[in-house]
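Visitor: I would like to understand the reasoning behind the labels used for this structure. Could we take them one at a time?

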Amino acid sequence: MKYRKEIDGLRALAVLPVILFHAGFATFSGGFVGVDIFFVISGYLITTIIVDEMSKGSFSLLNFYERRARRILPALFFVMLFTLPFAWLWMLPQDLKSFSQSLVAVPLFASNVLFWLTSGYFNTVSELKPLLHTWSLAIEEQYYILFPLFLILAWKLGKKWIISLLIIVAVLSVSAAQYSSINHPSFTFYLLPTRAFEILIGALISFYIHHKQSIISVSQPVRQTVSLAGLALVLFAIFAFDSKTPSPSLYTLIPTIGAGLILVFANDKNIVGKLLSTKIFVGIGLISYSAYLWHQPLFAFAKLRTLDELTNPQLIGLSLSAIGLGYLSWKFIENPFRNKKIIKVKTLIYFGMLLTILFTTIGLIGHLKKGFPDRVSEQITKLLNNPQEPFTNELCAKRYPLFRSFNACLISKNESPEILIIGDSHSQHYFKSTSSALIDKSVMNLGAWSCLPFASKKYTSFDNCSEKIDAAVKFATGTDSIKVIILSGYWSYLSSGGFNIQNQNYRLPDLLTKTQSESFIQAGKKVLDEIRKSGKRVILMKDIPDLDFNIQSCFDMSPYKNNSINQLCSMNYKSYKDRYQAYDDLMFSLTKNYPNLEIYSPTNLFCSNETNACYGKKNSEPLYFNSDHLTVTGSDLVIQDLLNKHPIY
């Protein structure tokens with residue numbers, strides 16, 4: 001296959017936005033589409049190589065896999081080796097356990113499946129997972145395994161049949177991605193079936209160029225115009241998309257088709273081809289794979305080490321470091337291993353097997369040992385005491401199979417429930433404390449992550465929230481044994497516009513639009529009116545303050561021994577009130593219409609007007625285990641206060 005400089009330049013156009021997006025620069029809010037561009041490039045190049053060799057009768061499956069192994073494994077395994085000591089030194093037990101699982105999954109080409117299965121609400125946020133970015137490598141590796149086998153089996157049918165089959169699969173894939181991006185976003189983001197169309201765009205372009213040689217005769221003005229249009233589509237996605245853009249979905253066709261147009265029409269005689277063929281673009285493109293491998297661990301460990309928001313200069317430095325390390329990795333690892341004269345096949349096999357066994361063994365031990373909790377202090381053990389676990393108990397699942405689609409289904413006794421807690425994760429962290437305090441009552445919790453008790457498709461589209469809340473309210477009002485309904489949620493979350501897979505950040509980013517505010521009021525009235533008609537008692541719990549600092553910074557723990565301790569473990573109370581004034585006003589607009597509604601606020605337990613501070617610990621005990629979820633200690637504190645002010649007999 002003839003070398004095309006502009007393809008390496010396109011790789012640079014893919015990797016730089018990804019790095020800057022993960023660094024958190026808002027300008028590159030759609031930088032995640034760089035991965036989609038990589039998929040298109042990969043589909044094109046791999047298909048071209050295989051089809052060329054199959055047309056000549058020289059294709060060897062073993063040789064193909066050997067070339068892929070030389071290309072992918074050495075740099076990947078080297079970066080994984082680099083992560084081991086820092087993970088041991090700087091990760092908390094639950095995070096180290098998660099990291100250990102990824103050590104097993106990555107060499108087995110299954111990290112995308114792992115991250116899909118473990119992408120729940122309470123897992124380590126994506127920015128702190130050093131190997132999270134390997135999900136895209138797993139997709140490519142799965143493609144490398146399946147696609148050559150497909151071509152071998154289908155080759156006798158002829159290229160027209162192969163192209164037709166690929167088009168059908170691509171259409172099915174993009175259709176599934178569009179549907180599932182709303183209904184099953186985690187599955188859609190991580191797995192091959194809903195990513196296949198991106199790779200197949202590149203594959204179909206390769207077949208088109210081979211099948212339609214007339215493409216070569218397209219006039220330069222047409223090439224100029226269409227390649228510029230392709231570049232415009234790619235740049236539009238990079239700068240216009242954001243975390244709320246469903247991905248992958250029909251939107252993903254914008255950057256992937258743009259990349260495809262560049263692959264077909266860019267050459268050394270037009271603007272796009274010349275731009276992408278410049279030394280800087282080609283140079284970054286050559287090292288793009290290694291730079292991509294390095295950027296996520298650098299960002300993750302820097303954030304784990306500092307326990308604070310990184311400054312722009314630090315993020316720029318880390319981004320440049322990823323490129324610098326990428327160059328060194330490309331020069332001293334990638335290139336030697338791709339040279340059969342330097343690294344023999346047997347050496348490659350031994351290298352791969354040895355490190356696969358090493359990573360798998362270390363990963364299994366880390367998983368079985370639960371991240372070695374003896375590395376941290378007793379305070380941190382309490383901090384990690386997650387009151388949500390287990391998310392669903394067997395008793396609830398058996399009695400109420402209807403609610404298996406909920407993230408949390410918990411009941412304290414094998415009796416019909418008397419107290420029902422409805423909401424998201426901020427309802428579930430109260431279940432154990434409520435059950436313990438009301439030992440003579442049957443307490444039940446129905447929790448749906450990111451689904452507020454007043455759910456509306458106008459401000460959240462995550463995982464059928466409206467349907468789940470409607471089912472919970474119908475159950476609550478139609479079950480005679482239920483006397484008290486507690487509504488609890490991360491109310492400020494309603495401003496975030498839905499769950500974000502790429503950047504799992506639960507902070508309050510934007511104020512609600514007028515339409516969203518009206519929708520929230522409407523959804524709230526619907527729920528409260530239904531409960532009022534049933535004659536049941538309802539308690540609306542306002543939310544706990546969410547911290548603007550890392551709770552881990554309040555305690556001296558061995559993985560972070562040299563860090564300065566946040567002695568006060570507090571944030572500014574006035575700043576917190578200012579941040580959430582809009583949501584407070586919205587809640588007041590709703591609840592003023594219900595004078596008999598019992599409203600409970602836990603804010604005074606955490607915040608003091610006298611000191612103008614909100615605290616994350618009390619008597620050296622952690623009240624939170626992350627920025628907005630309580631430990632058992634914090635949950636007990638809230639529920640005791642709630643029951644004192646709103647007794648349940």
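Guide: Contact here means heavy atoms within 4.5 Å, and the model in front of you is a predicted one. By that cut-off, and leaving aside its neighbours within four places in sequence, leucine 76 is in contact with Val106, Thr134, Leu137, Glu141, Tyr289 and Leu293.

Visitor: Which residues have the most contacts inside the largest nonpolar core?

Guide: They are Leu10 and Leu76, in a core of 111 residues. Helix α2 (residues 33-56) gives this core its largest share, 13 residues. Apart from it lies another core, of 80 residues, which includes Tyr400 and Phe625.

Visitor: Why is cysteine 569 called buried?

Guide: Buried means under 20% relative accessible area, and cysteine 569 has 0% relative accessibility, so it counts as buried. This cysteine 569 lies in the loop between β5 (537-541) and β6 (570-572), and it has a positive phi of about 50° although it is not a glycine.

Visitor: Why does phenylalanine 372 count as partly exposed?

Guide: Partly exposed covers the range between under 20% and over 50%; phenylalanine 372, at 21% relative accessibility, therefore counts as partly exposed. Its phi is near 55°, again a positive value in a residue other than glycine, and phenylalanine 372 is found in the loop between α16 (345-368) and α17 (378-383).

Visitor: What makes lysine 5 partly exposed?

Guide: Lysine 5, in helix α1 (residues 5-23), has 45% relative accessibility and therefore counts as partly exposed. Leaving aside its neighbours within four places in sequence, lysine 5 is in contact with Leu276, Ser277 and Val282.

Conventions
Residues are numbered from 1 along each chain as its sequence is written. This is a predicted model: local features need pLDDT of at least 70, side-chain atom pairs count only at pLDDT 80 or more; totals for chains, interfaces and linings use all residues. Side-chain values use heavy atoms; hydrogens and water are left out. Helices (H or I, at least four residues) and strands (E, at least two) are DSSP runs, numbered from the N terminus. Buried means under 20% relative accessible area, exposed over 50%, partly exposed in between (1.4 Å probe, protein chains only). A nonpolar core is a set of buried Ala, Val, Leu, Ile, Met, Phe, Trp, Tyr and Cys residues joined through side-chain atoms within 4.5 Å.
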